[in-house]
Amino acid sequence: TLLCLACLLLGGCSVLQAAKPANMTSYALDVQFESAAAEMGKVTLLVNAPNAQPGFNSPRMVYIKRAHEIDYFSQSQWVDNPARMLTPLLVQALAHSAKYRAVVQMRNSAKADIRLDTEIIRFQHEFLTLPSQVHLTIRAQLLDVHEQSVIATREFDVIEKAPEDTPYGGVIASNRAVKTILLQIADFCAQEIKSVERYNASKQ
């Protein structure tokens, strides 16, 4: 009996040892923004950390092979949640636009005038067409901190073709999509805040 038990234990150990985790490759979002000409604005903009819809709130990289069916790459992932990776990039995009007195994050919110809330609606590598493509959708909302009112809300949707139908190809397309959509959000903020400033000036 002891001999059988020993064999079972040894067999179990060999099975566990054989089940090694797959090699996981981690990728980061890496986007650079050019600085605009110096233009000091009057508004301090607070940037909240983005939220994310279920399915897009983990480091797992989402891909789609069939409509409405989400799956994840088994050997590729992001280094962090996409929302957390987007936060510093969003701040950079807004700060480089040079339209504000300052662009701050939540910990520096005391003197903010306008708040920007964002949410990732979709961030996925789609294999529904050839070549494959990355589809990124972000909802943005500007709020007046002093008036506690919504200034404007808009949904941004970007599709970027992947240079190759692999996870790495999706990473390259993701970086392009992120840069495009953050520049669109920066332009949206600048236009809407300028409209608010003109309206406030007309009342004086």
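**Cavities, core and a pocket**

Me: Let's start with the second largest cavity. Which strand gives the largest share of its lining?
Reply: That would be β4, which supplies three residues, the largest share of the lining. Keep in mind that this is a predicted model.

Me: Who lines it in full, and how much space is there?
Reply: The lining is made up of Phe-56, Arg-60, Met-61, Val-62, Trp-78, Pro-82 and Phe-123. The second largest cavity holds about 50 Å³ of space.

Me: How does that lining split by class?
Reply: Six of the residues are nonpolar, one is charged and none is polar.

Me: How many cavities of 30 Å³ or more turn up in the whole structure?
Reply: The search finds three. The largest cavity has about 80 Å³ of space, and the elements that give two or more residues to its lining are β4, β5, β7 and α3.

Me: Which of those gives the most?
Reply: Helix α3, with four residues. The full lining of the largest cavity is Met-61, Val-62, Phe-73, Trp-78, Phe-123, Gln-124, His-125, Val-134, Pro-167, Gly-170, Val-171 and Ser-174.

Me: And the classes there? What's the split for the largest cavity?
Reply: Eight nonpolar and four polar, with no charged residues.

Me: Ser-174 caught my eye. Buried or exposed?
Reply: Ser-174 counts as buried, because its relative accessibility is 3% and the cut-off for buried is under 20%. Ser-174 sits in helix α3.

Me: What does Ser-174 touch, leaving out residues up to four places away in sequence?
Reply: Leu-29, Trp-78, Phe-123 and Val-134. As for His-125, its C-alpha atom is 8.3 Å from that of Ser-174, and the two residues are 49 apart along the chain.

Me: Switching to the core. How many residues are in the largest nonpolar one?
Reply: There are 49 residues, and those with the most contacts inside the core are Leu-45, Leu-94, Leu-116, Leu-182 and Ile-185. Several elements give two or more residues to this core: β2, β4, β5, α2, β7, β8, β9 and α3. With 12 residues, α3 gives the most.

Me: Why would nonpolar side chains gather like that?
Reply: As a general tendency, nonpolar side chains in soluble globular proteins are buried together.

Me: What does Leu-45 touch, again skipping residues up to four places away?
Reply: Leu-45 touches Leu-94, Tyr-100, Ala-102, Val-103, Val-104, Ile-114, Arg-115, Leu-116, Leu-142 and Ile-193.

Me: Now the second largest pocket. What's its volume, and which residues line it?
Reply: Its volume is about 160 Å³. Phe-33, Glu-34, Ala-93, His-96, Ser-97, Lys-99, Lys-179, Leu-183, Ala-186, Asp-187 and Ala-190 form the lining. The elements giving two or more residues to the lining are α2 (82-96) and α3 (167-203), and α3 has the largest share, with five residues.

Me: How do the classes divide in that pocket?
Reply: The lining of the second largest pocket has five nonpolar, two polar and four charged residues.

Me: Last thing, confidence. What's the mean pLDDT of the chain?
Reply: The mean is 86, and 82% of the residues reach 70 or more. Residues 2-20 have pLDDT below 50, and beyond near neighbours in sequence that stretch has zero contacts in the model.

Me: How should I treat low-pLDDT coordinates?
Reply: Where pLDDT is low, the predicted coordinates should not be read in detail.

How values were computed
Residues numbered from 1 in each chain as written. Heavy atoms only, no water. 1 Å grid on protein atoms, 1.4 Å probe; cavity = no way out; pocket = protein on both sides within 12 Å on 5 of 7 lines; lining within 4 Å. Points joined across faces, edges and corners; volume = space filled by probe spheres on them. Nonpolar A, V, L, I, M, F, W, Y, C, P; charged D, E, K, R; others polar. pLDDT = per-residue confidence, 0-100. Contact = heavy atoms within 4.5 Å. Core = buried A, V, L, I, M, F, W, Y, C linked by side-chain atoms within 4.5 Å. Buried < 20%, exposed > 50% of the residue type's maximum accessible area, 1.4 Å probe, protein only.
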